[in-house]
Amino acid sequence: MSGQAADRRRFNAPPNAAPLVFVEPDAVASSSAAREDSRAPSQVRPVFLQTGLVTEASGSAYIETGRTKLICAVYGPKPTPPSAPFNAKARLNVEVKFAPFSSGVRRFTPGKDTESPLLSSTLHQSLLPSLLLDSLPKSQIDLFVHILESDGSDSDISAGVTAASVALASAGIQMVGLVVGCSAAFLPSAPTPVLDPTRSEALSSTAFVSLACIPALGTITNISSRGTIPVPQFEEAVKSCASVCGDIHSVARQALTESLAA
């Protein structure tokens, strides 16, 4: 050290070292509560929705929200096979598949890695109350959802419900209203639930709520949750998701209007 003798009784800092700056506990709490993409807890990612990309299908829709990208195609209504038993109303078949490059781990095994029976069942339960299947006896409607990029299964469900409902409407299927989805996660560092969580936020959450509803009628078609949630916080999460679903419904309605005007 120039200008003075080195202190041999302790380890000296490098010449260009800076002193430590101690942060107050309140500042640490506020910084840890901030989301990784700088969104507010009640803010969702921008939604891009377009119909008619699959020309061979009766109706289709592509949705993109953040890193979640998927496309839905509807075929039908069409007559059921002669060997199928008589049914007074149409049957909805839902199939969800992942692209091999949809997540960080490549999916190679067909059927085991690329298909998701859980997502198919959730989409079927969410969409079924909105369809007027009684007007289509002895018919079937095939809905195919292809996930191009996944940001977590919970985000896939919310985006898939919205895109599938728009695809069914563009196919001319009679419905009582459009179904849209939204989800909320409870983070240890956030006092309120965060809407539209990313994959990392969902993995670090202590509880999760997923909602599918028909905003035009004010009805809920499907709701699921995991983790331990007090009743007041659960009600707050449901109300927040329902409020955001009204905004997503406007995006879905605009996409259908633009497809009809084109």
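Okay, let's start with the second largest cavity. Its lining divides into six nonpolar, seven polar and no charged residues. There's about 70 Å³ of space in there. Thirteen residues line this cavity, and the ones nearest its centre are Ile157, Ser210, Leu211, Ala212 and Asn222. If you want to find those walls on the screen, look at H2, H3, S6, S8 and S9, the elements that each give two or more residues to the lining. And before I go on, keep in mind that this is a predicted model.

So how many cavities of 30 Å³ or more does the structure hold? Three. The largest has about 140 Å³ of space. It's lined by 14 residues, with Thr65, Ser158, Gly181, Asp196 and Ile248 closest to the centre. Which element gives the largest share of that lining? That's H3, with four residues. Strand S2, residues 59–65, and strand S6, residues 180–186, also supply at least two residues each, as H3 does. By class, the lining of the largest cavity has six nonpolar, six polar and two charged residues.

Now to the largest pocket. Its volume is about 210 Å³, and 13 residues line it. Nearest its centre you'll see Leu118, Asp154, Ile157, Ser224 and Arg226. Here the elements giving two or more residues are H2, H3, strand S8 at 207–214 and strand S9 at 219–226. The pocket lining has five nonpolar, six polar and two charged residues. Notice Ile157 on this list; that residue also came up near the centre of the second largest cavity.

You've heard me say H3 a lot, so let's look at how that helix packs. First, its neighbour H2, which covers residues 117–127. The H2 and H3 axes are 10 Å apart, at an angle of about 45°. Angles under 35 degrees would count as roughly parallel, so at this angle H2 and H3 are oblique to each other. The crossing is right-handed. On the H2 side, the contact is made by Leu119, Thr122, Leu123, Ser126 and Leu127. On the H3 side, it's Ser153, Asp156, Ile157, Gly160, Val161, Ala164, Ser165 and Leu168. Those residues divide into seven nonpolar, five polar and one charged.

Then there's H5, the helix at residues 231–261. The axes of H3, residues 153–170, and H5 come within 10 Å and cross at roughly 30°. That makes H3 and H5 roughly parallel, because the cut-off for that is 35 degrees. Again, H3 passes H5 in a right-handed crossing. From H3 you get Thr162, Val166, Ala169 and Ser170, and they meet Ile248, Ala252 and Leu256 of H5. Five of the contact residues are nonpolar, two are polar and none is charged. Ile248 should sound familiar, since it was listed among the residues closest to the centre of the largest cavity.

Last bit: two spots in the backbone. Most residues other than glycine have a negative phi, and most peptide bonds are trans. Against that background, Gly76 and Pro77 are joined by a cis peptide bond, with omega at about 5°. Pro77 sits in strand S3, residues 68–79. And Ser38, which isn't a glycine, has a positive phi near 65°. You'll find Ser38 in the loop between helix H1, 25–33, and strand S1, 47–51.

Notes. Residues numbered from 1 in each chain as written. Predicted model: local features only at pLDDT ≥ 70, side-chain atom pairs only at ≥ 80, totals over all residues. Heavy atoms only, no water. Axes fitted to C-alpha atoms, helices over the stretch in contact; angles between N-to-C directions. Parallel < 35°, antiparallel > 145°, perpendicular 65-115°, else oblique. Left-handed = near helix turned anticlockwise from the far one by under 90°. Contact = heavy atoms within 4.5 Å. Nonpolar A, V, L, I, M, F, W, Y, C, P; charged D, E, K, R; others polar. 1 Å grid on protein atoms, 1.4 Å probe; cavity = no way out; pocket = protein on both sides within 12 Å on 5 of 7 lines; lining within 4 Å. Points joined across faces, edges and corners; volume = space filled by probe spheres on them.
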